[in-house]
Amino acid sequence: MSDTLLEIDRLSVDYETARGDLKALRDISFDIRKGEIVGIVGESGCGKSTLISSILRLTAPNTRFRKGEVRFKGQDLLQLPEHKMRDLRGADISIVFQDPMQTHNPVLSIGQQMLDIQHRSQAGKVEKRARAAQMLGAVGIPDPEARLEQFPHEFSGGMRQRIAIAMALMSEPDLLIADEPTTALDATLEVQIIERLQELQQELDCAILFISHHLGVIAELCDRVVVMYTGAVVESGDVREIFHDPKHPYTRRLIDCDPGHIKERARVLPTIPGEVPDLANLPGGCIFRDRCDQAVPRCASEVPPLSKLKEGHHAACWLNHEEVHQ
Amino acid sequence: MSKSRSELGQILHGVSRDPLGLMGLIIVGTILFCAIFAAWIVPYDPVGMNIKDRLQGPSAAHLLGTDQLGRDTFSRVIMGGQVALKVALPAVFGAMAIGLTLGMIAGYGPKWLDNLLMLFFDTIRSFPTVMFALAVVALIGPSLQTVVFVVMATSIPTYGRVARTQTLTLRNSEFILAERAMGASMKRILGVHMLPNIIGVLAVLAAMDIPTVIALEAGLSFLGLGVKPPTPSWGALLKDGYSLIRQTPWLVVGGGLPIILATLGFTFLGESLRDVVDPKLRKQR
Amino acid sequence: MTLLDVKDLQTSYGQVNVLAGVNFAVEAGETYALVGESGSGKTTVIRAIAGLAPAQGGSVKFDGKEIRGASEREMRPLRKDIAMMFQDPIGSLSPRLTIGSLITEPYRIQGMKDRDMQAEAKRLLEMVNLPAHFADRYPYQLSGGQARRVGVARALALEPKLILADEPTAGLDVSVQGELLNLLNDLRERLGLAMVIITHNLNVVRHVADRMGIMYLGRLVEEGSTEAIFDNPRHPYTRCLLSANPEPDPDARLERIALKGEPPSLLKRPSGCEFRERCPFAQDFCIQTPSWEVDNGHGLRCLAPLSQ
């Protein structure tokens, strides 16, 4: 598997708190191949943010890596010395954040900020400026040369997010982490950003880890999808498999809940009743058991492993095992 | 009533969990205790002279020695604390109450009133405190009340401005809009919904302000413009100590140490209060 | 019966015309959705209706009474009938009050002090499916979804005739979003109230709204029944908005109509049709200013409408 770029292998991460350890990530495994777009879907508290900060190793002081590896091009990032990690961030792995209004330094011009992030390059100032303008043009900012002089507040939210993407892609990273990059934007701008990302991804051939709770965006953009629930992967696979033939009840219910999925006008929308379990005090067995309408006795006693159903489709649910055994 | 008590309890609990806050709490508590029970604590009459025992060093009889008139320094330090708080507390809380009221009116009222009040604040602020104090003392003579008046007048703008800024921020927040949408009266919006969110910030400011006021009172007394002798005051002690420093260093220690301690104590308490009172920070605890 | 009738509503802050002509009506018991991009003036519309934002021109009739420009005193009795829900679920709750006192606040404001506040709090919490012990909690201890429910409970306390809800599902997870919309819908049916909902989630609109209006630069550009607009959008902007709605199906490939550029600044309103510069269907004659035409309950502001 030489084309594997990032491999998360049985990663478990806790937060030490006064209430005890919060089990933020438990036994997470999935991989991203070169040039692939992988989407992560999950609701608040599913561990998306912890996952991103673990990959970049920008974690809060009370974070404890309990187990597992984060291998980037075969190298375990969790073991890397800090200065090596710093070289990696922004060069091989870049990130675009959720809120475009807070990503940029308000007192520096966009051009200055785009020069600053090229600090690793040996090129002269003129060359760097040209590169910055070229990237702005590539994300669809009209008249990029002139706009380099402008300050963040002179751009709209959609433009700022595009600038953030331009900055993230400037170093031609192998992996771009996009943390809900369209959540703060209107639908029309969201579509613009997604289309732009798709184009640039093909041009630069970088892999994208795209985090979103917007199923429509995931369906449109991603090649593969990882579904997370309270700190664990419950299902992963090809985007068509996940949306057309989900094998975990949570995935199925989540897709059902999306009003965009319901073609007929419905007055009563489907929901997932119940509460997300407390991360400090997890119940035994399957974590989704209490909210699952298909639970069997085995779900209460044993944690279902994330097992392979077929090539490129994994799910953590006992129902699939019974199907297999029968 | 039980709710507000538990909130105060929560705040005290929060402060005492922070080491600096605990230290501040202990120092301030000690100062307050000594000031309140000064009459019972002092071993000697703080103004009683005894020329025979003048300018003594520390001993079992006189913990901090005696001054040039044979008065017990320790007794004068304790009594001086009472005087300092008699100035600082009414001045600071008076300024806070007036500043809060004016600031909230400026922040919530019509624009012209805001402009008028800001002009008023800026006018007061443009007087240098010490010069203003000298002028007032020259006008109505030195006394405890004069010092209280000067300090109060000069600190009103600080509280007023902070209260105004807070009010302006809160005024546009969604929960105030929600109250307006329900038809809440101005009295209710200001009293029930804004005041509790402003007072915490001002209380922190006040705690940090008390040492400044104590120092100011000491300074005025040092210049002979504060409380009249023979009333004991930390500033007066310093002044006596300063002129007698070649004979005995203990008077300077007696006057200076409590000022330093009070400053540190109130500042620690204020810093710690600021962290505890802020609901956003409290959430993270 | 028409409960709310908004005609040619105008709002400006200084030189900036935030609202430049908004016309729509809401029947009793009906759900009306206002959609549009950020900055299109949706929030200003409902705030102007509730008298929380200025409205210099036009008319707002509630229950047949003109309320535009009404004083706070004139509005107070109407506050019982018009309730609001704000965008930020936690930020719209007074931070130092308990949930119990927050949801009974409307009774205190309206001078119904003789009510048993504890019993009312319990009843309201039950109505929005929150446990009774939540009455003792503070806003910062709630999740977004729980705070939303508290907002609903507070809005319903006085049994209003109209609820104005600004982005009631913003920031909620899909599973929780459905619960909230079902709750609102259920209460709407049981209590017979009308709702104006602001949202940019078109999927939500399709399921909950009877009628909808599309806003652009402080104007309604199209308005009509939800079905008619989804099936047959007449205004190019509406068509663009609808096509910019990614579907949760990897095989669904909508023919997407690209919208050029970004919304223009309110300070520099374009001449003629204000959508002209971004419109993929613009014609030469679009430099003229389109007027608001209503045909068979379907309002439109376009010189070159898309065919039926």
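**Exercise 1. Overall dimensions of chain A**

What radius of gyration does chain A have, and what value would a compact globule with 326 residues have?

*Solution.* Bear in mind throughout that this is a predicted model.
- Step 1: start from the reference. For 326 residues, a compact globule would have a radius of gyration near 20 Å.
- Step 2: set chain A beside that reference. Chain A has 21 Å, so the value agrees with the globule rule.
- Step 3: add the extents. Along the principal axes, the C-alpha atoms of chain A fill a box of roughly 70 × 50 × 40 Å.
- Step 4: take stock of the secondary structure, which for chain A comes to twelve helices and twelve strands.

**Exercise 2. The sheet of chain A**

Work out the strand order of the eight-stranded sheet in chain A, and explain why one side of E6 and of E11 is left without a neighbour.

*Solution.*
- Step 1: read the order. The eight strands run E6-E7-E8-E3-E9-E10-E12-E11 in an open sheet of chain A, with mixed pairing.
- Step 2: look at the ends. Strand E6 (93-96) and strand E11 (307-310) of chain A are at the edges and have a single partner strand each, so one side of each lacks a neighbour in the sheet.
- Step 3: follow the twist, which averages 20 degrees from one strand to the next.
- Step 4: zoom in on one edge. E6(A) and strand E7 (residues 175-179) of chain A run parallel and are joined by four bridges. Here A:Ile93 stands opposite A:Leu175 in E7(A).
- Step 5: find a helix that packs on the sheet. Helix H1 (residues 48-56) of chain A touches E3, E6, E7, E8 and E9 of chain A, and its direction makes about 150 degrees with that of E7(A).

**Exercise 3. A helix pair in chain B**

Describe how H6(B) and H7(B) cross, and list the residues that meet.

*Solution.* Two packed helices are described by the angle and the distance between their axes.
- Step 1: for helix H6 (residues 129-140) and helix H7 (residues 144-171) of chain B, the axes come within 10 Å and cross at roughly 145 degrees.
- Step 2: the handedness of this crossing is right-handed.
- Step 3: from H6(B), the residues are B:Thr129, B:Phe132, B:Ala133, B:Val136, B:Val137 and B:Ile140; they meet B:Thr146, B:Phe149, B:Val150 and B:Thr154 in H7(B).
- Step 4: sorted by class, the residues of this contact are seven nonpolar, three polar and no charged.

**Exercise 4. Which chains touch?**

Establish which pair of chains shares the most contacts, then characterise the side of chain B that touches chain C.

*Solution.*
- Step 1: two pairs of chains are in contact, and of these chains A and C share the most contacts.
- Step 2: chain A and chain B do not touch, their nearest C-alpha atoms being 9 Å apart.
- Step 3: between chains B and C, 17 residues of chain B are in contact with 20 residues of chain C.
- Step 4: on the chain B side, helix H8 (174-181), helix H9 (186-222) and helix H12 (279-284) each supply at least two residues. H8(B) gives the most, with seven residues.
- Step 5: that side of chain B has eight nonpolar, four polar and five charged residues.

**Exercise 5. The domains of chain C**

Give the two domains of chain C and describe their contact.

*Solution.*
- Step 1: the domain assignment gives domain 1 (2-81 + 160-300) and domain 2 (96-158).
- Step 2: the centres of these domains of chain C, taken over C-alpha atoms, are separated by 29 Å.
- Step 3: eleven residues from domain 1 and ten residues from domain 2 of chain C form the contact.
- Step 4: on the domain 1 side, helix H6 (residues 174-191) of chain C provides the largest share, five residues.
- Step 5: that side of domain 1 divides into nine nonpolar, one polar and one charged.

Conventions
Residues are numbered from 1 along each chain as its sequence is written. Chains are lettered from A and ligands numbered from 1 in the order in which they are written. This is a predicted model: local features need pLDDT of at least 70, side-chain atom pairs count only at pLDDT 80 or more; totals for chains, interfaces and linings use all residues. Two residues are in contact if their C-beta atoms, placed from the backbone, lie within 7 Å. Ala, Val, Leu, Ile, Met, Phe, Trp, Tyr, Cys and Pro count as nonpolar, Asp, Glu, Lys and Arg as charged, and the others, Gly among them, as polar. Axes are lines fitted to C-alpha atoms, for helices over the stretch in contact, and angles run from 0 to 180 degrees between N-to-C directions. A crossing is left-handed if the near helix is turned anticlockwise from the far one by less than a right angle, and right-handed if clockwise. Two strands pair if DSSP finds at least two bridges between them. Domain bounds come from an automatic or database domain assignment. The radius of gyration is taken over C-alpha atoms; the globule rule is 2.2 Å times the number of residues to the power 0.38.
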